[in-house]
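Got the model open in your viewer? Here is a short walk through it, one selection at a time.

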Amino acid sequence: MSSTATPAGPDTCVVVPTIREHECVRDYVANAREYGHDDRLFFVLVTEDFCDADAMREMLDDLDVPGAVFDESDRHDWYAEHGVSDYGHVVPAASHAQTSFGLLYMWAHDFEYGFFIDDDTLPHETDFFGGHYDNLSYEGSITEVRSADDDQRWVNVLYQNFDEHGLYPRGYPYAAMGGGHETEEVELARGDVVASQGLWTNVPDLDAVRILMDGDLQGQAQTLTSREDFGEDFVCAPGHYTTVCSMNLAFRREVIPAFYQLPMDDNEWDVGRFDDIWSGVFLKRAADILGKRVLTGTPLCEHNKAPRSTFDDLNNEVPALELNEHVWRVVDDAGTDANTFRGAFAAMADALAEGEFEEWNNGDFLVFVGEHMQDWLDCLDSLDAGQPVPAGPGRTVAETGGEADD
């Protein structure tokens, strides 16, 4: 049981992007009920018009948990109902980055915490939600990790058993490989941690190049991870960066302005697969400016990635591989004087939108990203976040009408 007090009614929005295995929600609900967190959770399933949204609604009904299901048509209806149709483009079509819709939903309602859970994951037989809640209220001593390379300031989230598996996660810059790590113990005060990144057993989160190097053509990996590959939880040192994967992630409401999942797939450059990676870079930069922390480690999830062509993933990643080596440096000195997550993100958005990146392949994509970041902040402003509406008293929210079912 989490040490965090349980409030009356849902205070947590659980966002599940799904086009395949929505039944994973049953396992997460069972875990939440076992440890006494189910009355805190409101589930938002983000899906597509070609998926069986009615089956997802029936599942939530059957589980007797509050929630809502939004396919593409429902999302556009929601934008219209909330007066933000002009910003519908900030959430890309047919992309994992549609998790941003979950952030908009959370911002428009009275939720204090958010969770991102991918539909190809399952919780271990531990207190999944309680583990994240405890991380978000962590205080005390913890390991801080920094890169031993003063120029390439990146921390590998898989550093703890690296000598055995040799893995670098998706999005880790190639120039930062082999730098080594240094650790020390630091003290955190309650409220310092604004995001909790849980890692993954079974299929590691790798990019296509590394999957190919591992000898796998089905988008997975031959080298798998187990509980033994992970030690104590840790934080990444200020001024250093790390990959953030959204498949198992919890966060506080306050970070939403700086946690936009970037516009992938639905763009003229055909860039994909960097939505959570770059959003993690920007979140880490904002957290550093404000003296906040992103905690990484447990609770673990089991990642059961479905087979797919590694070359398809490679085609999505290649257009931005060069940009990924540099984007963190573009924002590394932005927003120094900011005192809010919004202010920090606005400075990073301006640095990208007003930058000149012709020297890099598809450099104009960074300008596109910066402009969408600016629109993201305008969209949040338009939602009148100062007066969020209740999270929804009914068991299942009707997506088209916005009213709770009887």
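Before the first stop, one cut-off: a residue is called buried when its relative accessible area is under 20%. Keep in mind too that this is a predicted model.

**Stop 1: Trp278**

Select Trp278, which sits in helix H8 (residues 275–290). Its relative accessibility is 0%, so Trp278 counts as buried. Now show what surrounds it. Leaving aside neighbours within four places in sequence, Trp278 is in contact with Leu262, Met264, Ala320, Leu323, Asn324, Val327, Phe365, Leu366 and Val369. Pick Asn324 out of that list: the side chains of Trp278 and Asn324 make a polar contact at 2.9 Å. For a distance check, pick the C-alpha atoms of Trp278 and Thr243; they are 8.2 Å apart in space, with the two positions 35 residues apart in sequence.

**Stop 2: helix H5**

Next, select residues 128–136, which make up helix H5. Is this helix enclosed or open? Of its 9 residues, 8 are buried, so H5 is largely enclosed by the rest of the structure. Colour the buried ones if you like: Phe128, Phe129, Gly130, Gly131, His132, Tyr133, Asn135 and Leu136.

Zoom in on the start of H5. There, a side-chain oxygen of Asp127 comes to within 2.9 Å of the backbone nitrogen of Gly130.

Stay here for the rings. The structure holds 34 aromatic pairs. In one of them, Phe128 with Phe129, the ring centres are 5.1 Å apart and the planes stand at 85°, so the pair is edge-to-face. Both of these phenylalanines are buried.

**Stop 3: H3 against H4**

Show helix H3 (residues 72–81) together with helix H4 (residues 99–108): they pack at an angle of about 35°, and their axes are 12 Å apart. The crossing of H3 and H4 is left-handed. Turn on side chains and you'll find Arg75, Trp78 and Tyr79 from H3 meeting Phe101, Leu104, Tyr105 and Ala108 from H4. Which kinds of residue make up this contact, nonpolar, polar or charged? The split is 6 nonpolar, no polar and 1 charged.

Keep the aromatics on screen and add a few more. Phe42, Phe70, Trp78, Tyr79, Phe101, Tyr105 and Phe111 are linked by ring pairs into a cluster.

**Stop 4: Thr47**

From there, select Thr47, in the loop between strand E2 (41–46) and helix H2 (53–63). With a relative accessible area of 0%, Thr47 is buried. Residues up to four places away in sequence aside, Thr47 touches Thr18, Ile19, Ala53, Met56, Val69, Phe70, Asp71, Glu72, Arg75 and Gln98. Two names in that list should ring a bell: Arg75 is one of the H3 residues that meet H4, and Phe70 belongs to the aromatic cluster.

**Stop 5: Tyr174 and Asp205**

Jump to Tyr174, found in the loop between helix H6 (162–165) and strand E8 (181–188). Tyr174 is partly exposed, at a relative accessible area of 28%. Its side chain makes a polar contact of 2.8 Å with the side chain of Asp207. Tyr174 also touches Val209, Arg210, Leu321 and Glu325. Leu321 is worth a click: it lies 147 residues from Tyr174 along the chain, yet the two C-alpha atoms are separated by 9.2 Å.

Then pick Asp205, in the loop between strand E9 (193–202) and H7. Asp205 has 7% relative accessibility and counts as buried. Among its contacts are Pro169, Arg170 and Trp200.

**Stop 6: backbone oddities**

Switch to the backbone for the last stop. Most residues other than glycine have a negative phi, and most peptide bonds are trans. So, where are the exceptions to look at here?

- Thr298 to Pro299: this peptide bond is cis, with omega near 0°. Pro299 is in strand E13 (residues 293–303).
- Asp64: phi is positive, near 55°. Look for Asp64 in the loop between H2 and strand E3 (67–70); at 46% relative accessibility, Asp64 counts as partly exposed.
- Asn362: phi is positive here too, at about 60°. Asn362 is in the loop between helix H12 (341–353) and helix H13 (364–382), and is partly exposed with a relative accessible area of 30%.

Key:
Residues numbered from 1 in each chain as written. Predicted model: local features only at pLDDT ≥ 70, side-chain atom pairs only at ≥ 80, totals over all residues. Heavy atoms only, no water. Buried < 20%, exposed > 50% of the residue type's maximum accessible area, 1.4 Å probe, protein only. Helix = DSSP H or I, 4+ residues; strand = E, 2+ residues; numbered from the N terminus. Polar contact = N/O pair within 3.5 Å; in protein donor to acceptor, adjacent residues only side chain to side chain. Axes fitted to C-alpha atoms, helices over the stretch in contact; angles between N-to-C directions. Left-handed = near helix turned anticlockwise from the far one by under 90°. Contact = heavy atoms within 4.5 Å. Nonpolar A, V, L, I, M, F, W, Y, C, P; charged D, E, K, R; others polar. Phe/Tyr/Trp six-rings, centres within 6.5 Å; stacked < 30°, edge-to-face > 60°.
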